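Me: Could you give me a close look at one part of this model? Take it slowly and connect things as you go.

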Amino acid sequence: MSARFSHRLFKSLMIAGASVAIGIGAAQYARAETVDGPTSPSLKMAALPFANIGENRIIRSEIATNLMSGSVDGRTFRNPDAMQAAYASRSSEPLWVGRDGAETDIADFIAVLEQSWTHGLNPEQYHLTQIKTLAGSESPQDKAHLDLLISDAVMRYGQDVSGMRVAPDRIRQKAEYWRQPMAASDVLTQVSSSDDPAETLEELAPQGSLYDRLRDELVTLSRSPERAAEEAGPVNFGGGLLRPGEYHKNVPKLRARMGQSHDPAYGPENLYDDELAAAVMKFQAQHGLSADGVLGPKTLAFMNQSVREKMEQIIVNLERLRWLEQEKPRRYILVNIPSATLWAVEGNDVAAQMPVIVGRKDRPTKSFTTEITGIRFNPKWNVPTTIKTKDYLPRLQEDPYYLQDKGIEVYRVIEGRRETVDPASVDWANMTRSDLARLNMQQGSGDNNALGRIRVLMPNQYDIYLHDTNSPGLFANNDRTLSSGCVRMADPEKVARFILGPNPGWSDDRMHSLIARGSTSEVRAEQKLPVYFLYQTVWLDNRGQLVYGPDIYREDQRLLAVLKDMKAYAIPDRDGVKFAAISQNPAIQ
């Protein structure tokens with residue numbers, strides 16, 4: 001194995017002394033470097049140092065036969081058409097076993113596949129065992145089978161690390177928002193044309209700092225001594241709260257979980273002492289919780305999470321990072337929903353970072369990407385159907401004038417004319433869904449407007465947008481899953497300044513003048529920019545430390561269930577033995 005490849009392959013697996021990659025905050029989602037493609041679009045033709053012409057003829061014949069069947073040794077090709085096209089252009093000559101340096105290349109491929117579990121993949125879906133068994137065999141048939149298995153493995157692996165490998169409808173996603181895998185033929189062309197094919201294959205995976213840190217964490221967890229502590233069972237305190245200075249019989253179990261031993265100088269063994277409280281507060285901070293030392297349901301839920309569960313949380317987050325385009329524009333806005341945080345990024349710098357309020361569990365903020373086109377100042381608010389139905393209708397059935405205090409007008413549009421409706425004239429008690437759909441509700445601009453003074457214009461099918469709020473005190477909450485789906489910003493002026501800053505002549509004075517005018521106005525962004533709404537339950541904080549966040553919408557569980565069904569990942573057990581064998585479902589072979 002070349003020293004260069006060995007260094008690149010294992011750089012993210014070196015835990016001791018590992019340093020934080022440059023780029024914290026939103027930069028954790030960006031690609032660290034650009035990967036150059038092959039200089040030649042065609043598959044590389046290699047010299048074939050076989051023992052004799054007869055051996056070459058047997059290998060070519062065996063390759064052609066297996067291509068016709070679409071499988072080798074019972075392993076179905078994932079992309080049989082791409083396989084046939086690649087070998088047809090070579091008259092069934094092998095791609096790997098006859099090329100210069102074949103022994104080194106195959107050893108390097110095996111190293112990549114052995115480490116594929118650190119990407120949250122399953123090595124056996126890339127024929128690892130079969131490739132290792134066939135490598136070094138002198139049988140012409142084995143050489144042919146080895147060549148085909150490597151080609152299929154290259155295409156499978158390359159596609160799996162370069163885009164979305166899960167059917168979007170199984171996880172309530174839209175394919176149009178996320179990166180799709182490279183074409184199988186392009187993967188094979190790029191890798192086989194490289195002077196270092198295994199390194200090129202490995203570089204198809206994301207190269208960003210967060211992705212590297214998650215791979216590091218997966219390796220660290222696989223070696224974690226915490227598994228022994230887990231065997232003692234979960235930590236609990238009878239469903240109540242435990243505060244520093246209080247006593248409980250399960251405090252020794254808590255102390256063991258925190259990796260501490262009892263020091264009599266701090267008090268009895270069952271006392272929740274200051275030293276233990278400090279360890280708990282550090283744990284809470286690492287999991288995005290209020291670091292108050294109070295042990296309640298949220299803290300205990302994270303504390304009782306097993307190492308395997310943490311590894312699976314890492315795996316689904318690696319999966320989602322592969323859905324993002326790796327080359328982002330110079331300027332963009334990113335919202336991570338589980339951390340309820342917004343970043344505005346320019347170049348390699350975070351121009352703005354702030355807390356946001358996202359959708360509550362029954363009205364989640366969707367994950368998607370779109371383009372910001374401008375800003376609306378002093379917006380009016382058209383009440384969405386969900387809020388009309390679930391929030392306002394029950395109140396109006398009790399009090400028909402409920403909306404008046406909110407400054408919300410009820411109206412109908414008849415033959416293109418807007419007609420205000422007296423709420424007292426409406427039979428709210430017998431209102432049907434179709435009746436309600438014909439009634440519009442609009443809140444005028446002003447201090448009481450639910451959207452505040454600033455709304456970001458960003459067309460999308462979910463009608464989700466970024467906006468100001470008339471309830472700024474909610475940003476102090478640790479749990480900010482409070483909206484009906486849209487995202488409220490703690491500092492909307494800073495975001496508007498970032499979006500409109502490139503406009504000629506734009507200034508804070510102009511922005512404040514438009515706001516003070518009170519009437520609704522729109523300013524188009526001269527430079528449109530993308531906005532990404534992501535669902536990453538593990539992220540990097542401002543110090544570069546990994547934070548395990550909550551799965552607020554159970555999206556992790558949904559994605560993990562699909563990956564389990566696909567047998568698409570493998571986790572080493574405590575003895576280093578991998579499991580989760582390849583699925584026998586032909587649809588996912």
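**The sheet and its surroundings**

Reply: S7 and strand S10 (residues 440-443) pair antiparallel over two bridges; pairing takes at least two DSSP bridges, and strands (E, at least two residues) and helices (H or I, at least four) are DSSP runs numbered from the N terminus. Keep in mind that this is a predicted model, where local features need pLDDT of at least 70, side-chain atom pairs need 80 or more, and totals for chains, interfaces and linings use all residues. Residues are numbered from 1 along each chain as its sequence is written, and side-chain values use heavy atoms, leaving out hydrogens and water.

Opposite Gln 442 in S10 you'll find Asn 382. The whole sheet is open, with four strands ordered S7-S10-S8-S9 and antiparallel pairing. Strands S7 (381-382) and S9 (417-420) sit at the edges with a single partner strand each, so each has one side without a neighbour in the sheet. Helix H15 (residues 385-398) packs on this sheet, touching S7, strand S8 (408-414) and S10; contact means heavy atoms within 4.5 Å. The direction of H15 makes about 90° with that of S10, using axes fitted to C-alpha atoms (for helices, over the stretch in contact) and N-to-C angles from 0 to 180 degrees.

Now the core: the largest nonpolar one has 140 residues, and Tyr 392 and Met 441 are among those with the most contacts inside it. Such a core joins buried Ala, Val, Leu, Ile, Met, Phe, Trp, Tyr and Cys through side-chain atoms within 4.5 Å, buried being under 20% relative accessible area (1.4 Å probe, protein chains only), exposed over 50%, and partly exposed in between. Helix H6 (residues 140-161) gives the most to this core, 10 residues.
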